[in-house]
Amino acid sequence: MTNLQQRVISAIVMAAVTLAVTWLGGLPFRLFCGAITAVIFYEWTRLSRPASGTTIPLAPEIIVGVFIIALVVGQPALWLLLLIALITAIFAIAARLKGAAQWEASGFLYASLSGFALALLRDGDHSGLIAILFLFAVVWATDIAAYFVGRAVGGPKLAPSISPGKTQSGAAGGAIGGVVAGLLLAAVAGAGNLVLLGLVALVLSVVSQIGDLFESWVKRRHGAKDSSNLIPGHGGVMDRVDGLVAAAFALYVIGWITAGAEHPALGLFPN
């Protein structure tokens with residue numbers, strides 16, 4: 001099987017599983033978010049531990065497991081945020097005491113906020129379903145449009161020291177594609193505030209591209225091409241969800257501002 005065939009099959013399977021658990025919502029989706037948190041933390045520490053010097057004499061995976069259990073059982077948003085802050089502080093203090101780098105703390109913060117934002121956005125109602133589908137539409141369209149526009153137009157590089165393949169034309173094309181896809185999804189879903197959602201889609205598209213660059217910087221910082229080899233033909237989970245989780249957190253913050261921490265999707269997609 002060629003690498004292209006592996007990529008296509010992996011992409012189809014990942015999309016099918018993601019959309020299925022998104023449709024189900026509730027416990028299946030929270031389990032999905034818990035798995036994303038666990039794998040991101042695993043890949044982050046796999047990248048950073050060899051280069052971080054002294055390791056932290058704790059059981060990081062067990063501590064992360066406490067958060068994942070709290071997320072899966074559906075603890076309130078503010079309690080989860082408090083737990084994230086507490087665990088991050090534990091990792092940071094332990095690293096400082098042992099003279100280790102702060103990669104464990106930053107990795108947990110990145111992984112936990114990723115799963116948290118996705119889980120709280122989806123919630124269990126219709127608004128959450130539309131919010132997550134809107135997020136998917138914007139981020140996936142951004143990736144696709146950026147790739148094809150960048151290849152077709154070329155031009156100056158976006159961030160050559162971080163990701164040499166990305167171009168400014170691709171970034172602009174990705175933003176346009178993300179906005180169009182988001183507005184189409186919103187229109188099909190019957191949303192009435194299309195001007196606001198167009199602006200939100202633009203913000204999410206930009207943030208998703210920043211998230212992609214951030215993950216590329218982390219890999220380059222540790223001399224790695226992929227975050228892992230868990231996905232045939234694609235590398236690691238972080239390689240596939242870098243833009244998505246960044247945009248998910250941005251959408252959660254926007255929803256929190258408009259509707260509160262517990263049901264952020266209602267702020268943009270009222271029932």
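Colleague: Is Lys219 buried or exposed?

Modeller: This is a predicted model, in which local features need pLDDT of at least 70, side-chain atom pairs count only at pLDDT 80 or more, and totals for chains, interfaces and linings use all residues. Residues are numbered from 1 along each chain as its sequence is written, and side-chain values use heavy atoms, with hydrogens and water left out. Buried means under 20% relative accessible area, exposed means over 50%, and partly exposed lies in between (1.4 Å probe, protein chains only). Because the relative accessible area of Lys219 is 11%, this residue is buried.

Colleague: With which residue of helix α9 does Lys219 of helix α8 form a pair?

Modeller: A salt bridge is a side-chain nitrogen of Lys or Arg within 4 Å of a carboxyl oxygen of Asp or Glu. The side chain of Lys219 meets its partner in such a bridge at 2.9 Å, N to O. Lys219 lies in helix α8 and its partner in helix α9, so the pair ties together parts that are 20 residues apart in sequence. Both residues are buried, and the partner is Asp239.

Colleague: Which residue joins Lys219 and Asp239 in one salt-bridge network?

Modeller: Salt bridges that share partners create this network. The further residue is buried, at 2% relative accessibility, and its closest N and O atoms in the bridge with Lys219 are 3.5 Å apart. It stands four residues from Lys219 in helix α8, which means a separation of about one helical turn. The residue is Glu215.

Colleague: How many residues apart in sequence are the parts tied together by Asp212 and Lys166?

Modeller: The structure holds three salt bridges, one of which joins the side chains of Asp212 and Lys166 at 3.5 Å, N to O. Asp212 counts as buried at 17% relative accessibility, whereas Lys166 counts as partly exposed at 25%. Asp212 lies in helix α8 and Lys166 in strand β2 (residues 163-167), so the parts tied together are separated in sequence by 46 residues.

Colleague: What pattern does the protein chain follow along the sequence?

Modeller: Helices (H or I, at least four residues) and strands (E, at least two) are DSSP runs, numbered from the N terminus. The protein chain has nine helices and two strands. Read along the sequence, they follow the pattern α-α-α-α-α-α-β-β-α-α-α.

Colleague: What is the radius of gyration of the protein chain?

Modeller: This radius is taken over C-alpha atoms, and the globule rule is 2.2 Å times the number of residues to the power 0.38. For 271 residues the rule gives 18 Å, and the chain's value is close to it, so the chain is as compact as a globular protein of that length. Along its principal axes, the C-alpha trace spans about 55 × 45 × 35 Å. The radius of gyration is 18 Å.

Colleague: Which element gives the largest share of the largest nonpolar core?

Modeller: In soluble globular proteins, nonpolar side chains tend to be buried together. A nonpolar core is a set of buried Ala, Val, Leu, Ile, Met, Phe, Trp, Tyr and Cys residues joined through side-chain atoms within 4.5 Å. The largest one has 64 residues, and those with the most contacts inside it are Phe67, Leu118, Leu135 and Leu204. The largest share, 12 residues, comes from α5.

Colleague: In which helix does Leu80, a residue that touches Phe67, lie?

Modeller: Contact means heavy atoms within 4.5 Å. Not counting residues up to four places away in sequence, Leu80 touches Phe67, Ala70, Leu71, Gln75, Phe116 and Leu120. The C-alpha atoms of Leu80 and Phe67 are 7.5 Å apart, although 13 residues separate the two along the chain. Leu80 counts as buried at 1% relative accessibility, and it lies in helix α4.

Colleague: What is the relative accessibility of Thr37?

Modeller: Thr37 has its place in helix α2 (residues 26-48). Leaving out residues up to four places away in sequence, it touches Val64, Phe67, Ile68, Leu71, Ala111, Ser112 and Gly115. Thr37 counts as buried because its relative accessibility is 0%.

Colleague: Which helix gives the nonpolar surface patch its largest share?

Modeller: Patches are made of residues with over 30% relative accessible area and no salt bridge, with like charges joined within 9 Å and nonpolar side chains (Val, Leu, Ile, Met, Phe, Trp, Tyr) within 5 Å. Accessible areas come from the Shrake-Rupley method with a 1.4 Å probe, and for residues only the protein chains shown count as cover. Leu19, Trp140, Ile144, Tyr147 and Phe148 make a nonpolar patch of about 520 Å², and among them Trp140 is partly exposed at 33%. Four residues, the largest share, come from helix α6.
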